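This report describes a two-chain model, part by part. The sequence and structure are shown first, and the description follows.

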Amino acid sequence: MTISGGKILVECLKREGVEVIFGYPGGVVIPLFDVLYEEKDIKLIHVRHEQGAAHAADGYARASGKVGVCLATSGPGATNLITGIATAYMDSIPMVAITGQVATSMIGSDAFQEVDITGITRPITKHNFLVKDVNDLARIVREAFYIASTGRPGPVLIDVPKDVLTSKTEFVWPEKVELRSYKPFFKVNQGQIKKAIELLEKAERPVIYYGGGVIAGNAGGLLTEFARKHSIPVTSTLLGLGAYPVDHTDPLYLGMLGMHGTVYANYAIYHSDLILAIGARFDDRVTGKIDEFAPNAKIIHIDIDPSSISKNVVVDVPIVGDVKDALQELLKHSFTVRTDAWLKQIAEWKKSNPLTYQQSSQVIKPQFVIESLSRLTKHKAIISTEVGQHQMWVAQYYQFQSPRTLLSSGGLGTMGFGFPAGIGAQIARPDKTTIVVAGDGSFQMNVQEMATAQFYDIPVKVIILNNTYLGMVRQWQELFYDKRYSAVKLAKISSDGKEYYYPDFVKLAEAYGWWASRVVTPQDVEQALKDLLAQKGPALLDVIIEQEENVFPMVPAGANLTQMIGGLA
Amino acid sequence: MQYTLSVLVENHFGVLARIAGLFSARGFNIVSLSVAETEDPSISVMTIVVDGDNRIVDQVKKQLNKLIEVIKVRDLTEEEYVERELALIKVGVNATKRREIIEIADVFKGKVVDISHTTITIEVTGSEEKVDAIIDLLKSHGILEMARTGKIALIRG
């Protein structure tokens, strides 16, 4: 029996275990949406903009560990996915993006809604495919999911011309994926493990620096076990948060490092004599001035991607492989790391330079909102952030206890990511309270997805830390551009000099059928958060915060990690 | 320093674009690149000469390996290998000069592949240095046009 390409594609998705697709229809993909119309096993979430589909699929993947799937039509539908695909690529998130394409006979003719999407997405996908023959479709879908989810994960795009969706062939499910040119599995080298242990035994000031790879590799538990077994202090990247339970009273826990890291994490890294980097890539926001990063440290680097090793800093002992395997190997050996004196030094740094802010009884401090939120959710909610100051306050003040609870665009820094990603995460984890923490700027970048949440009764919660500014840019302008606040003010200032909030987020949310409320005084924050969390459906809380609060500490771009401003004792 | 890489890739459409895109996106410098099918028609070989220091070339190799359709990357610089380039060089001549150009071609084991009243075209193959040398000699006689392949290379033995 022969079936259409559209049916083959959907059958393949089911066999890959896909339960949800985030999509937006259009001309050439109507045949595919027609198949999905009567499909019971796959839930189709119709978003309101393709960018929302890509971020929602990304959030779904981050929260669940499964491959997220998004779907768009050719031309503008496909190009609207791009920011979402690039976001997933930078943060190594497994995703399959399916785009429609004009019929094979029309390709290259500048047809209506034609764009060379495989050409455009080549540098932002792990791999991509243009399906030219329906007989290749099943194999390509299988390969796409395999590539997206193995090795260092990443987005894979499949471009499917309209005639491939409509032409019929025999469906053959390839049981095995055979790619002679793609071998993502590396056995951890025992010799390298031995070398690493030798360095650890010799070290006097070791630090573990871990990143998103520990989350992707489901190795949070092993990381915690290893650090505690040997009493080695740990510091996290933004994307690593949650891999080791956040507790600033834990003598081993240093919090986040880098540009907005804690003073003690940055001091510890700078003064360390050995860095054990696990699933992290020495991003410039982490290292500060690269030539002065940890000047006296030897570096052991565990990573599944050989190209991450010695890319930005020279590594002494590379260990290529799955972080889980590497940590298991390290845990098998018995050895001693002497860190007593080092931990004493770290405790002093922690005591003299704690992560803190100036509380106020007049105006709401954003850090206080996040602290309260952390406490009220028992530190267990999934928090999805946009990008900017609020993102850093979440990273600093929410006490993430487990992996896959912080969703944030780390590498690309995509404003507009957090809200749709939160929708995707809530669908992946209906059992978890999912909260989007947004700025008043970022939230407007994909605000249309309020319709999606309302339409599908997705009970996502949104907290807007509203300072009437693009706060992070304003902070840079304050510190480095003589307070010349170019294009950052978001509130409207009327002729009499009064400013009023616009849009009115409460009214806006209500227009979409959401529950919404606003809080303006610190005394009301707790109750307002409780009211928000008590809502059964989608709900928004507009929190009017201190307008010119800054994120501190801060390592200015190009400075070394000890050259911090703000937050110093 | 220049490094010669021999890269085996799947013979799919778009592979060359992926490789070229990788070099431009990461700011690596290609000195020359040649592509052709191997004895197995499903595999192509690209000989890429890259300019850079040790660390850059190390990244080039890793990034190439990361591409799904790259089967194998070999750095020939570390091994014994033979390399060849081919050049076609058209020189403007008159009857008196023609003899001289042919003699130069003979010294370099070049071949005369075309001749006219006013031009002579030489084919020469060899190492980069050898091709450079004959070009240098012919320059003073007035090269009208020239086409030169990238380097191709094979490991010895």
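## The six-stranded sheet of chain A

In this predicted model, six strands of chain A make up an open sheet in the order β16-β15-β17-β18-β22-β21, and their pairing is parallel. The sheet ends at β16 (406-407) and β21 (515-519) of chain A, the edge strands, each of which pairs on one side only.

Within the order given above, β17 of chain A is followed by β18 of chain A. Strand β17 covers residues 434-439 and strand β18 residues 461-466 of chain A, and five bridges link the two in the parallel sense. One position in this pairing is A:Val437, which stands opposite A:Ile463 in β18(A). As a general point, strands of a sheet pair through backbone hydrogen bonds, in either the parallel or the antiparallel sense.

## Chain A as a whole

Chain A contains 22 helices and 22 strands. Its radius of gyration is 24 Å, close to the 25 Å that the globule rule gives for 569 residues, so chain A is as compact as a globular protein of that length. Taken along the principal axes, the C-alpha atoms of chain A fill a box of roughly 75 × 70 × 40 Å.

## Domains of chain A

Chain A is divided into domain 1 (2-170), domain 2 (190-352) and domain 3 (366-544). Between the C-alpha centres of domain 2 and domain 3 of chain A there are 31 Å.

These two domains touch: 13 residues of domain 2 of chain A are in contact with 13 residues of domain 3 of chain A. On the domain 2 side of this contact, eight residues are nonpolar, four are polar and one is charged.

## Domains of chain B

The mean pLDDT of chain B is 93, and 100% of its residues reach 70 or more. The domain assignment of chain B gives domain 1 (2-78) and domain 2 (83-155). Taken over C-alpha atoms, the centres of the two domains of chain B are separated by 29 Å.

Eight residues from domain 1 of chain B and seven residues from domain 2 of chain B take part in the contact between them. On the domain 1 side, β1, β2 and β3 of chain B each supply at least two residues. β2(B) gives the most to that side, with three residues. By type, the domain 1 side of this contact has three nonpolar residues, five polar ones and no charged ones.

## The four-stranded sheet and its helix in chain B

Chain B has an open sheet of four strands in the order β2-β3-β1-β4, with antiparallel pairing. Its edge strands are β2 (29-37) and β4 of chain B, and each pairs on one side only. On average, and with direction ignored, neighbouring strands of this sheet are turned by 20° against each other.

The edge strand β2(B) is joined by eight bridges to β3 (residues 43-51) of chain B, and the two run antiparallel. In this pair B:Asn29 stands opposite B:Asp51 in β3(B). A helix, α2(B), packs on the sheet and touches β1 (2-10), β3 and β4 of chain B. The direction of α2(B) makes about 160° with that of β4(B).

## A hairpin in chain B

Further along chain B, β6(B) and β7(B) form a hairpin with three residues between them. Strand β6 spans residues 111-115 and strand β7 residues 119-126 of chain B; four bridges join them, and they run antiparallel. B:Asp114 has B:Thr121 as its bridge partner in β7(B).

## Where the chains meet

The model scores ipTM 0.88 and pTM 0.95. At the interface, 16 residues of chain B are in contact with 13 residues of chain A. On the chain B side, the elements that give two or more residues are α1 (15-25), α2 (54-66) and β4 (70-75) of chain B.

Which element gives the most to the side of chain B that touches chain A? That element is α2(B), with six residues. The helix that packs on the four-stranded sheet of chain B is therefore also named at this interface. By type, the chain B side of this interface has five nonpolar residues, five polar ones and six charged ones.

Notes. Residues numbered from 1 in each chain as written. Chains lettered and ligands numbered in written order. Predicted model: local features only at pLDDT ≥ 70, side-chain atom pairs only at ≥ 80, totals over all residues. Domains from an automatic or database assignment. Nonpolar A, V, L, I, M, F, W, Y, C, P; charged D, E, K, R; others polar. pLDDT = per-residue confidence, 0-100. Pairing = 2+ DSSP bridges. Axes fitted to C-alpha atoms, helices over the stretch in contact; angles between N-to-C directions. Rg over C-alpha atoms; globule rule 2.2 N^0.38 Å.
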